[in-house]
Amino acid sequence: PLEQRIVWSVQSDALGLKDPVRNIINYCIFGGIPYYYEILEKYEPLLTAPEALFFEVGPLREEGQDILRQEFGAAYKKYFAILEAIGYGLVSSGEIANKLGMRQTTLSKYILSLQTDFKLIARIVPFDQNPYRSKKGIYILKDNLLAFWFSLVYGKAQAPNKGQLNAFLGKRFELLCRDYFSGFLQNKGELIAKIGKWWGSVEVEKGKFEGREIDLVAETDKALYIGECKWSDNKIGEKELEHLKTSAKSLKTKKPVRFVLFSKKGFSINEREGVLLFNAERIVKES
């Protein structure tokens, strides 16, 4: 099975990287797999950017296909089609089944295998719902390299533009932040009961509702942590914090509520009681 770990030392030692944002970008594309950092180191003088390995330079152009052929053998085509659909943005089993012209009962067998045997996908539901009963479950690709390959490489003639790349990195940064924060809480000695994300409708004014997402929700034995992850070139501050507090009204708890902001470029506010701040440098240093 293909699994990921946060391994900053692999890339920083091999490439001499001091920029934490660059470290995070590399991780969001390549995961914590040493093999890819060896290739990155070899081609570094020729690269305009890491994603060039999939296009201009090209040694990883067919990497996703090669991995899955090796992993699945004769069943390659069925699994590939499912992963392609999820990478394309189809997140529910109904959408995937319709796209592939497959019965849901048949699809379920392959989906379960991808989840439990190969650990390449995960099903997530809103934080406050039962994963076995919720009809809001969506599927995501767990492996960073495959997620990048299916989203921005497969079937594409050109490398992604800045907007496309940042949209992808924003989603993977969110997953990275949840992994990092889980370790952060454990190091603090807090027992995690549940961690995930939330989406749904929030009453932002009396009688006025908006669809909102909360990137991180973590319940421990001591508190409920509610977080926002921003992959932006601007510093973030009170505006984002207030937006998060409004979204948090949807979650009910008797425990103390603490707010957490993660930012690529840092903050225009300081940490205070009930508010934790994590920039790229802190995330990389403490991982």
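**Entry 1: strand pairing around E5**

I count two strands as paired if DSSP finds at least two bridges between them. With that in hand I went through this model, which is a predicted one, and started from strand E5, residues 224–230. I found that E5 and strand E6, residues 257–263, pair in the parallel sense over seven bridges. To get from E5 to E6 the chain passes through helix H10, residues 238–247, and I noted that this β-α-β crossover is right-handed. As a reference point for the register, I wrote down that Cys229 stands opposite Phe262 in E6.

I then turned to strand E4, residues 208–220, which pairs with E5 in the antiparallel sense over four bridges. E4 and E5 form a hairpin, with three residues between them, and for the register here I noted Leu216, whose bridge partner in E5 is Gly227. I also looked up how covered E5 is, and recorded that six of its seven residues are buried.

**Entry 2: the sheet as a whole**

I next followed the pairing outwards and obtained an open sheet of five strands in the order E3-E4-E5-E6-E7, with mixed pairing. Its edge strands are E3 (192–205) and E7 (275–279), each of which pairs on one side only. I noted that neighbouring strands of this sheet are turned by 30° against each other on average, direction ignored. Going back to H10, I saw that this helix lies across E3, E4, E5, E6 and E7, and that it runs at about 135° to E6.

**Entry 3: helix H2 and its two partners**

I describe two packed helices by the angle between their axes and the distance between the axes. For H2 (residues 20–30) and H8 (residues 144–153), I noted axes that come within 5 Å and cross at roughly 80°. Since I take 65 to 115 degrees as roughly perpendicular, H2 and H8 are therefore roughly perpendicular to each other. On the H2 side I listed Tyr27, Cys28, Ile29 and Phe30, which meet Asn144, Leu145 and Phe148 in H8. By class, the residues of this contact of H2 with H8 divide into six nonpolar, one polar and no charged.

I then checked H2 against H9 (residues 162–187), and found that the two pack at an angle of about 95°, with their axes 10 Å apart. That makes H2 roughly perpendicular to H9. The contact is made by Ile24, Ile25, Tyr27, Cys28 and Ile29 of H2, together with Phe168, Leu169, Arg172, Phe173 and Leu176 of H9. I recorded nine nonpolar residues, no polar and one charged in the contact of H2 with H9.

**Entry 4: H5 against H7, and the loop after H7**

For H5 (residues 76–88) and H7 (residues 104–116), I noted packing at an angle of about 80°, with the axes 11 Å apart. H5 and H7 are therefore roughly perpendicular to each other. H5 contributes Lys78, Tyr79, Ile82 and Leu83, while H7 contributes Leu107, Tyr110, Ile111, Ser113 and Leu114. The residues of this contact of H5 with H7 divide into seven nonpolar, one polar and one charged.

Just for the backbone, I looked at Lys119, which lies in the loop between H7 and strand E1 (121–124). Lys119 has a positive phi of about 55° although it is not a glycine. At 29% relative accessibility, I logged Lys119 as partly exposed.

**Entry 5: Ile86 and Leu141**

I closed with two residues that touch each other, Ile86 and Leu141. Ile86 lies in helix H5, and I count this residue as buried because its relative accessible area is 6%, under the 20% limit. Not counting residues up to four places away in sequence, Ile86 touches Ile96, Ile121, Tyr139, Ile140 and Leu141.

Leu141 lies in strand E2 (residues 138–141), and at 6% relative accessibility Leu141 counts as buried. With the same exclusion of residues up to four places away, I listed as its contacts Leu83, Ile86, Gly87, Leu120, Ile121, Leu146, Ala147, Phe150 and Arg172.

Finally, I took two C-alpha to C-alpha separations for orientation. Ile86 and Gly227 are 25 Å apart in space and 141 residues apart in sequence. Leu141 and Asn270 are 34 Å apart in space and 129 residues apart in sequence.

How values were computed. Residues numbered from 1 in each chain as written. Predicted model: local features only at pLDDT ≥ 70, side-chain atom pairs only at ≥ 80, totals over all residues. Heavy atoms only, no water. Buried < 20%, exposed > 50% of the residue type's maximum accessible area, 1.4 Å probe, protein only. Right-handed = clockwise from strand over helix to strand, strands pointing away. Contact = heavy atoms within 4.5 Å. Axes fitted to C-alpha atoms, helices over the stretch in contact; angles between N-to-C directions. Parallel < 35°, antiparallel > 145°, perpendicular 65-115°, else oblique. Nonpolar A, V, L, I, M, F, W, Y, C, P; charged D, E, K, R; others polar.
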